[in-house]
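Here's a quick briefing to read with the model open in your viewer. Charged side chains come up right away, then the rest by topic.

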Amino acid sequence: MSLRSRARFFLPKNPFVGLSLTSAWVRKIQETRIEARRVPIRSLSPEDRERRLRYWRRTERQNMVIGLIVFGFLIADMLVFHDVLATIGTVGAVIFVSAHWYYAHRMVQLLSENTPAGRRPVGGNPAGCKPAGCKPLPAKDTVTS
């Protein structure tokens with residue numbers, strides 16, 4: 001059995017088109033797209049907020065571990081292998097992973113800041129609150145003089 005007969009599903013129907021995307025493929029991709037909509041954090045239910053907070057904390061930890069591993073490769077490329085191209089590629093990977101870590105960290109901050117007063121999220125302190133001696137933070141929409 002040839003490779004072409006095995007991969008017939010992935011090839012376009014018209015052989016003169018080549019391997020470019022056909023309109024049927026574009027339509028299939030557009031139909032499976034999930035519509036994203038912005039939801040204010042304050043309008044989320046407490047259960048949904050805690051579920052999202054757990055998700056973003058887990059994502060933040062995973063990206064931090066991946067970042068540490070990639071940073072280890074960066075150190076190895078610079079100090080052990082002395083490979084300039086590998087170092088440049090690893091710096092790009094460090095920037096990519098750190099951007100994902102920062103986004104997850106920022107989402108955790110936003111969800112923690114918008115937790116209703118008197119209710120702390122499961123597994124964490126409010127943003128900017130130290131375990132010993134916690135003072136309430138000023139609201140972001142008020143002006144302090």
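Asp 48, Arg 51 and Arg 52 are tied together in a network of salt bridges. Keep in mind that this is a predicted model. A search of the whole structure turns up two salt bridges. As background, side chains of opposite charge can pair when their charged atoms come close.

**The salt-bridge network**
- Arg 51 pairs with Asp 48, and their closest N and O atoms sit 2.3 Å apart.
- Arg 51 and Asp 48 are about one helical turn apart, because they are three residues apart in helix α3.
- Arg 52 also forms a salt bridge with Asp 48, this time with the closest N and O atoms 3.3 Å apart.
- Arg 52 and Asp 48 are both in helix α3, four residues apart, which is about one turn of the helix.
- Asp 48 has 15% relative accessibility, so it counts as buried.
- Arg 51 is partly exposed at 49% relative accessibility, and Arg 52 is partly exposed too, with a relative accessible area of 34%.

**Overall layout**
- The protein chain has four helices and zero strands, so to speak an α-α-α-α pattern when you read along the sequence.
- Of its 145 residues, 20% count as buried.
- Take the contacts between residues at least 6 apart in sequence: 54% of them join residues at least 24 apart.
- The accessible surface of the chain adds up to about 12100 Å², and 64% of that belongs to carbon and sulfur atoms.

**Around the end of α3**
- Met 78, Leu 79, Val 80 and Phe 81 make a nonpolar surface patch of about 440 Å².
- One of these patch residues, Val 80, is found in helix α3 and is exposed, with a relative accessible area of 57%.
- His 82 is in the loop between α3 (46–81) and α4 (84–113).
- His 82 has a positive phi of about 55°, even though it is not a glycine.
- At 60% relative accessibility, His 82 counts as exposed.

**Thr 90 in α4**
- Thr 90 lies in helix α4 and is buried, with a relative accessible area of 11%.
- The Thr 90 side chain makes a polar contact with the side chain of Asp 77, at 2.7 Å.
- Leaving out residues up to four places away in sequence, Thr 90 touches Val 70, Phe 73, Leu 74 and Asp 77.

Methods
Residues numbered from 1 in each chain as written. Predicted model: local features only at pLDDT ≥ 70, side-chain atom pairs only at ≥ 80, totals over all residues. Heavy atoms only, no water. Helix = DSSP H or I, 4+ residues; strand = E, 2+ residues; numbered from the N terminus. Buried < 20%, exposed > 50% of the residue type's maximum accessible area, 1.4 Å probe, protein only. Polar contact = N/O pair within 3.5 Å; in protein donor to acceptor, adjacent residues only side chain to side chain. Contact = heavy atoms within 4.5 Å. Patch = residues over 30% accessible without salt bridge, like charges linked within 9 Å, V, L, I, M, F, W, Y side chains within 5 Å. Areas by Shrake-Rupley, 256 points an atom, 1.4 Å probe, with all protein chains shown as cover. Salt bridge = Lys/Arg side-chain N within 4 Å of Asp/Glu carboxyl O.
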